[in-house]
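Here's a quick walk through one protein model, written for someone who'd rather be at the bench. Have a look at it first, then read on.

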Amino acid sequence: LVYAAAMMNANAVARTPLRLYGRKVKGKMANFPMRKVGPRTKHYLAGRSAERPSGAVITKVASFGEDFQEIPDHPALDVLRGVNRWMNGYDMTLLRVLYLELTGNAYLYVRSGALRGRSFPVELWPMPSQWTKVVPSREQDSPIIRGYVYGRNEAEAFTYEPEEVIRWNYPNPRNLYYGLGKVEAAWREIQLRNSKSVHDQAVYDNRARPDYAVLLKGAPQGEATRFQKELEQRLRGVKNRGKFAVLNAEQADIKPLTFSPAELGDQDSVKEIICNVFGVPVSKFLTNKNVAGGQAGVSDAAYLRDTVLPICRMDEETLNADYLPRFQDAVGDLVFAYDNPIPEDREAQRLDDTMRLSTGVITIDEWREENGLEPKGGNADELMVPSSLKPIDQEPQEPMEMGVAQNPEPNMSFFFMM
């Protein structure tokens with residue numbers, strides 16, 4: 001359950017597109033292709049929608065103004081996509097978030113190269129957080145972290161400088177150097193679930209607890225012990241579960257033993273607490289018949305808003321603060337941002353697009369550009385409104401008589417398929 005919940009969060013982040021945005025500065029990014037950004041995306045990046053990116057993204061986009069575009073091809077993106085010779089970008093994001101969810105910490109070693117006297121990242125390698133130690137600085141007026149030690153044991157340990165490692169961590173009120181993992185936060189409930197699993201296995205093995213008490217009347221202790229061993233030998237084991245023994249009624253009295261669910265542990269409440277710690281809806285681990293019709297959609301939207309989006313924000317902050325500045329031409333002019341992971345309400349968006357097109361707010365070509373389509377040109381690049389629209393202060397005309405059309409021009413209407 002713990003691994004499934006952590007993987008659900010990691011997969012949700014890894015499948016959310018991460019994009020690079022920037023403004024074209026003369027002599028700096030002239031060689032990189034750029035792509036226009038639609039108004040809806042600009043609205044989200046500027047923090048003007050219900051869901052928002054990280055504060056670093058909002059601040060950077062505010063400094064760009066309206067003059068910024070997406071950069072689909074850049075060395076900073078190439079390294080994140082290629083990572084190293086053994087992994088790809090999706091694998092790396094998945095593993096990074098998985099370490100973060102389980103342990104509260106994630107580390108990447110940055111292998112740098114040089115070209116024309118300039119250093120920049122060429123490969124990224126994961127450093128499993130259970131084998132990575134932070135070396136605190138003891139000197140005054142120095143960085144809080146002096147370096148990192150990585151290795152399964154002291155004999156295999158390597159020391160790295162702070163600038164060689166990118167570090168992610170969840171907040172931990174008890175420690176400034178290590179994050180608080182969700183496994184640690186839910187440790188008591190995880191132990192309860194483990195104990196319940198052991199108990200369930202013992203039930204299937206017919207060894208968990210006695211189902212009956214046999215009261216022998218007037219039998220010596222030695223005879224009672226011998227009787228118990230003989231009975232266990234006959235009935236213990238998976239294949240013998242459910243069988244019965246024939247006893248002399250004058251010598252023995254059988255009493256069934258019952259146990260309430262509370263005494264055996266409430267598995268559902270333990271599952272719910274673990275899911276709450278990881279921010280995953282419990283409905284994700286229920287069968288379809290146990291989930292109400294509209295409940296799944298509501299829980300999905302809340303999950304993306306309250307769990308996935310905050311992880312994306314945190315990842316944006318670290319990438320923009322510690323990874324992107326390693327590319328010297330990126331300072332001040334570029335910013336990483338995830339797409340909004342919460343899907344749009346397509347019906348509401350359709351009605352909004354229809355209103356904007358029919359009232360002359362945008363042209364058809366502008367709408368096509370917003371939706372990733374090539375412009376058509378011609379009339380599609382002109383604002384169009386219905387012919388029946390009039391200024392609000394214009395006096396209304398006399399009502400027309402039945403059968404007499406005073407305005408023979410047909411109204412203009414718009415329709416399109418999403």
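## The surface

This is a predicted model, and its protein exposes about 26,300 Å². Carbon and sulfur atoms supply 53% of that exposed area.

As for the inside, the protein has 418 residues, and 34% of them are buried.

## Overall build

Count up the secondary structure and you get 13 helices along with 11 strands.

How much of the contact list comes from residues 24 or more positions apart? Looking at contacts in the protein with a separation of 6 or more, such pairs account for 66%.

## Strand β1 and its partners

Strand β1 covers residues 18-22, and it pairs with strand β11, residues 334-338. The two run in the antiparallel sense, with five bridges between them. One bridge to look up: Leu20 has Phe336 in β11 as its partner.

β1 also pairs with strand β2, which takes in residues 69-70. That pairing is antiparallel too, over two bridges. Here, Tyr21 stands opposite Glu70 of β2.

## Cysteines

If you're wondering about disulfides, a search of the whole structure turns up zero.

Two cysteines are worth a look for their accessibility. Why does Cys275 count as buried? Its relative accessibility is 0%, and buried means under 20%, so Cys275 falls in that class. Cys312 has 1% relative accessibility and therefore counts as buried as well.

Definitions and conventions:
Residues numbered from 1 in each chain as written. Predicted model: local features only at pLDDT ≥ 70, side-chain atom pairs only at ≥ 80, totals over all residues. Heavy atoms only, no water. Disulfide = S-S within 2.5 Å. Buried < 20%, exposed > 50% of the residue type's maximum accessible area, 1.4 Å probe, protein only. Helix = DSSP H or I, 4+ residues; strand = E, 2+ residues; numbered from the N terminus. Contact = heavy atoms within 4.5 Å. Areas by Shrake-Rupley, 256 points an atom, 1.4 Å probe, with all protein chains shown as cover. Pairing = 2+ DSSP bridges.
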